[in-house]
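Subject: Structure handover

Hello,

Please find the structure for your project below. Have a look at it first, and then read the notes under it.

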Amino acid sequence: MFKRKKIGQLLIEAGHIGEKELNIALAEQKKRGKRIGQVLIELGYLTEDKLLPILGKQLKVPFVDLSKVEIKPDVLKMVPEKICRKHILVPISFENNQLMIGMADPLDVFIIDEIQFQNNCEVVRAICSENQIADTTDKLYVAGAMADALNALTAGDSGGENNSALDGLKKASEETPIIKLVNLVLTSAVQKGASDIHIEPDEGELRVRLRIDGTLQVSMNLQPEALPSVMSRIKILSGMDISERRIPQDGRIQMTIMDKPIDFRVNTIPTAWGEKACLRILDKSNVNVQLDQMGFTPYNFTMLKKAINSPNGMCLVTGPTGSGKTTTLYSCLNAIKGPDINICTVENPVEYKLKFINQVQVRPEIDLTFASVLRAFLRQDPDVIMLGEIRDEETASIAVEAALTGHLVFATLHTNDAPSTAIRLVDMGVEPFLVSSALLCIVSQRLARRVCKFCKDVDTSITPETIADLGLPPEAINQTYYRGKGCEKCGKTGYKGRVGVHEVMYTHENLRRMIIQKVGPDDLKAEALKLGMKSLKDDIVVKFQQGLTTPEEVFALARSD
């Protein structure tokens with residue numbers, strides 16, 4: 001009986017990996033429970049473009065590079081978009097009553113039977129890159145939805161003369177093609193791991209850009225004629241006034257995408273070429289990140305754990321917008337929450353709803369401010385209080401008072417580093433002796449782009465000059481460093497995901513005395529470094545040495561710092 005060769009052996013025969021790499025991957029596979037090919041890619045021993053042809057050879061199906069294939073619209077219509085996305089497949093061609101289907105998993109035979117039955121034809125399987133399938137599906141279905149939407153808009157122009165412009169706009173926004181187009185834009189952004197969607201009109205075009213790993217990338221270009229209907233659809237979904245285009249508006253959309261509850265925080269503004277929408281994507285699964293998975297080094301993690309397990313005092317998280325402050329705060333709350341602890345938060349807005357936590361959203365128009373809610377919290381028998389942001393002297397004073405009267409207080413503040421945060425509270429008008437008594441620790445945080453694990457390779461471009469600029473000793477040149485070559489998974493950038501960079505200042509007795517004496521931030525930082533604190537640059541250099549990021553990210557963070 002013929003015995004099919006295992007994929008590991010085929011990869012060795014092709015010269016893509018060695019016995020050593022395979023054995024390491026097999027041991028790791030037992031821990032991760034994934035397929036051996038995926039484990040080899042994650043370990044950096046293999047790339048997808050080398051794996052797929054070998055996998056196709058093993059399964060006796062052809063490998064198809066979708067970037068070199070033109071898929072006709074009538075072929076695309078043979079398989080519904082919902083099935084393509086659910087089973088990660090795409091129809092490629094139809095000839096002689098044979099439909100070729102590109103699949104990430106050619107062993108999914110049940111869906112093959114269903115497609116054969118629906119189309120009354122023979123289905124031929126091919127293996128394709130999962131990322132290429134997703135990109136191709138997005139591109140083709142968006143193009144189809146765009147054409148249908150424009151046809152619907154054109155047809156709508158010939159409607160009855162008695163319909164007002166507003167009624168016509170609302171009707172167009174509720175047509176299936178427009179609904180489908182907007183859903184595709186939102187779904188595509190979530191699938192690509194974007195944090196923000198920008199739908200922005202320009203001269204002669206309507207552009208969609210996504211912020212992925214902190215960097216904006218053009219995702220698609222739509223016909224500018226679709227702008228009024230697309231904006232109206234977004235406004236309807238987010239509960240805005242579709243008749244108002246002169247002033248900014250805020251709203252919120254709640255959807256389930258890829259079986260996950262996703263919230264979109266929406267803002268629209270009028271621009272020179274029409275209304276622009278920005279949607280912040282709030283993935284609720286992000287708040288379930290454990291504190292030990294946030295990228296803290298052992299020293300920083302120990303200091304933070306010591307602070308959050310204290311019965312009272314204040315823990316502050318600082319950093320610019322988009323640096324992950326909210327995620328860090330929620331991870332801290334998740335680490336201590338339970339049925340025996342009363343946790344109250346005041347936020348603007350409430351981004352994620354958490355169990356066992358009482359969350360209040362500020363509404364300044366009815367005088368429901370950070371300060372007023374904080375005062376009310378003190379009458380709610382709280383054990384832990386979280387403030388979305390300390391913005392003024394009144395809020396700062398009440399927060400410090402709460403920390404000094406038996407409550408554990410978490411809050412965010414916009415400062416550049418940990419030592420200057422303590423000085424900032426004093427500058428806001430809080431007495432230095434109160435600040436020194438209340439503060440437990442301050443976490444200053446940034447996010448650095450992480451080297452893509454799918455195309456990770458040894459970096460041979462590191463020079464002695466680079467090592468010196470990073471502040472490392474000359475012998476560090478002998479270590480092994482990594483960078484991404486650029487692949488489909490990371491959009492050819494070499495980066496996928498981000499890693500936290502932290503500066504944790506625990507307020508030892510010496511630091512408390514210096515705060516009372518109103519010393520400058522430089523003196524406070526010097527003393528904190530003597531006591532064991534690692535600066536933001538020190539921390540990201542450690543991440544670079546661990547192979548998590550690149551010198552470019554180190555220098556970018558050092559400049560921003």
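The notes below go from the whole chain to single strands, helices and residues.

This is a predicted model, in which local features need pLDDT of at least 70 and side-chain atom pairs count only at pLDDT 80 or more, while totals for chains, interfaces and linings use all residues. Residues are numbered from 1 along each chain as its sequence is written, and side-chain values use heavy atoms, with hydrogens and water left out.

The whole chain

The chain has 22 helices and 18 strands. Helices (H or I, at least four residues) and strands (E, at least two) are DSSP runs, numbered from the N terminus. The C-alpha trace spans about 85 × 75 × 50 Å along its principal axes.

Of the 561 residues in the chain, 48% are buried. Buried means under 20% relative accessible area, exposed means over 50%, and partly exposed is in between (1.4 Å probe, protein chains only). The accessible surface comes to about 27400 Å², and carbon and sulfur atoms hold 49% of that surface. Such areas come from the Shrake-Rupley method with a 1.4 Å probe; for residues, only the protein chains shown count as cover.

A contact means heavy atoms within 4.5 Å. Among the contacts with a separation of 6 or more, 63% are between residues 24 or more positions apart.

The side chains include 69 positive and 72 negative ones, and the centres of the two sets lie 5 Å apart. Here Lys and Arg count as positive and Asp and Glu as negative; His and the chain ends are not counted. The place of a charge is taken as NZ of Lys, CZ of Arg, CG of Asp or CD of Glu.

Strands

Where does strand β10 sit? It covers residues 313-318, and 6 of its 6 residues are buried, so β10 is largely enclosed by the rest of the structure. Gly313, Cys315 and Val317 point one way from β10, whereas Met314, Leu316 and Thr318 point the other way.

Two strands pair if DSSP finds at least two bridges between them. β10 pairs in the parallel sense with β14 (residues 408-413) over 6 bridges, and with β15 (residues 439-451), also parallel, over 5 bridges. Val317 shows both pairings: Thr412 stands opposite Val317 in β14, and Val443 is the bridge partner of Val317 in β15.

Another set of strands lies earlier in the sequence. β1 (residues 89-95) and β2 (residues 98-103) pair in the antiparallel sense over 6 bridges, with Val90 bridged to Gly102 in β2. The two strands form a hairpin with 2 residues between them, and Asn96 in the turn has a positive phi of about 50°. β2 also pairs with β3 (residues 122-127), in the parallel sense and over 6 bridges. In that pairing Met100 stands opposite Val124.

Ala272 is in the loop between β8 (260-271) and β9 (274-283). With a relative accessibility of 78%, Ala272 is exposed. Its C-alpha is 8.6 Å from that of Pro201, although the two are 71 residues apart in sequence.

Salt bridges

A salt bridge is a side-chain nitrogen of Lys or Arg within 4 Å of a carboxyl oxygen of Asp or Glu. The count by this rule is 17.

Arg85 bridges to Glu81, with the closest N and O atoms 2.9 Å apart. Both lie in helix α6 (residues 81-87), 4 residues apart, about one turn of the helix. Glu81 is buried, at 16% relative accessibility.

Arg449 and Glu553 form a salt bridge too, at 3.2 Å from N to O. Arg449 lies in β15 and Glu553 in helix α22 (residues 551-560), so this pair ties together parts that are 104 residues apart in sequence. Arg449 is partly exposed at 22%, whereas Glu553 is buried at 12%.

The Lys543 and Asp539 bridge has its closest N and O atoms 2.7 Å apart. These residues are 4 apart in helix α21 (residues 536-545), about one helical turn. Lys543 is buried, with a relative accessible area of 2%, and Asp539 is buried at 2%.

A charge without a salt bridge

Which side chain of opposite charge is nearest to Glu527? It is Lys530, 4.3 Å away; Glu527 is buried yet has no salt bridge. Glu527 is in helix α20 (residues 521-530). Leaving aside neighbours within four places in sequence, Glu527 is in contact with Asn510, Leu511 and Met514.

Regards
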